[in-house]
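Could you walk me through how the two chains of this model meet? Let's take it one question at a time.

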Protein chains: 2
Amino acid sequence: MHPLILASASPQRAALLAGLGLTFSAIPSRIEEEMCTERDPAQRAVRLAREKAQEVGERHRGEWIIGCDTLVVAPDGSLLEKPLDEADARRMLVLQSGGTSIVHSGLAVLSPAGVMMDGLSSSSVTFKSLSADEIDWWLRTDLWRGRSGAFQIDGLGQLMIERIEGDFTSIVGFPVFLFGELARKVGLAIAL
Amino acid sequence: MHPLILASASPQRAALLAGLGLTFSAIPSRIEEEMCTERDPAQRAVRLAREKAQEVGERHRGEWIIGCDTLVVAPDGSLLEKPLDEADARRMLVLQSGGTSIVHSGLAVLSPAGVMMDGLSSSSVTFKSLSADEIDWWLRTDLWRGRSGAFQIDGLGQLMIERIEGDFTSIVGFPVFLFGELARKVGLAIAL
């Protein structure tokens, strides 16, 4: 089998892919996300996933490349990226408290022959109504750093999240079910 | 703080509880589940969670005890327990293929003073339509052994599950969000 590359530096994504029993290297892409002109969140996630796979594929020809991108849309429709600082994280939590955000995970698989397949997995995340104390506590954990929307669906962050609809792994950032579907279509041998 | 006991032998439950940063011992209960006369699946899960906490609490007085029980109800309304053998697992997969099962996770927290709080977290699990080859593959993995309903929501098993509604961790067997709510009510100090 040709080598497999995950075009991401995220340890959460790597853990989910490793959970499928696949061997791979993690090589983050060098694309500049700000250059992406697509503004619709769902389409933007897919576009960025494709661009990441494409960019890494240009440096590693003849290998399997997986690109992914995850975007969070707040209950008021605004796009939530990684918080810049604690004040920004607080703003994101207040915005989402007691409401439902949508998480769009775009996924792209590039085959060694250069065939690209992509897909989108969208899930919803419903937050409990957070008190000021609860928000303070979460900010103190520092677990919001580097997380789109300033929340975490696994570990401690789960205490803030009442329910989800969709694929849990797509909220973490690597949509496992969609990956299985794409892998089968493009001929990447995984178990199912 | 008083010691904390998880009244379960499940490594999946222990991993979720450990993910909250709590220190605890895992001590399985000795109750005989067949003796429980409650037949309604949701109420049965809560009853068994209480009985497990109660039984372990009798052997470990003055400690915090967490009891949990998870039951799967197939799309046709039948209760799915742990498969007896491969044929039984196959029957469960055929029953759930392309349909939605309900997972009821009952949780009980017993305080050192002997106060018991309980709750229920119910989630739905929607399976893809499984081909005969896919069912054969899953049975070969042996990952269905010891799993109620013969499926697994984490790892490889996720490839069969198209979407969920509710709390992912309640499907794994330890409903983290509900635990946070109960812990606060009963005065067990966790982060949120």
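Here are some questions and answers on the interface and the symmetry of this predicted model.

Q: How many residues of chain B are in contact with chain A?
A: Contacts are counted here between residues whose C-beta atoms, placed from the backbone, lie within 7 Å. By that count, 25 residues of chain A take part, and the number of chain B residues they touch is 25.

Q: Which element supplies the largest share of the side of chain A that touches chain B?
A: Helix H4 (132-141), strand E7 (161-166), helix H5 (168-172) and helix H6 (176-186) of chain A each give at least two residues to that side. The largest share is six residues, and it comes from E7(A).

Q: What is the bridge partner of Gly166(A) in E7(B)?
A: E7(A) is joined by three bridges to strand E7 (residues 161-166) of chain B, and the two strands run antiparallel. Within E7(B), Gly166(A) has as its bridge partner Ile164(B).

Q: What kind of axis relates the two copies?
A: A turn of 180° with a shift of 0.0 Å along the axis lays chain A on chain B, with an RMSD of 0.0 Å. The copies are therefore related as by a two-fold rotation axis.

Q: Which residue of chain A comes closest to the rotation axis?
A: The copies meet through the same surface, because 100% of the interface residues of chain A are also interface residues in chain B. As for the axis, the closest approach by a residue of chain A is 2.2 Å (C-alpha), and that residue is Glu165(A).

Terms used:
Residues are numbered from 1 along each chain as its sequence is written. Chains are lettered from A and ligands numbered from 1 in the order in which they are written. This is a predicted model: local features need pLDDT of at least 70, side-chain atom pairs count only at pLDDT 80 or more; totals for chains, interfaces and linings use all residues. Two residues are in contact if their C-beta atoms, placed from the backbone, lie within 7 Å. Helices (H or I, at least four residues) and strands (E, at least two) are DSSP runs, numbered from the N terminus. Two strands pair if DSSP finds at least two bridges between them. Copies are superposed by least squares on the C-alpha atoms of residues with pLDDT of at least 70 in both.
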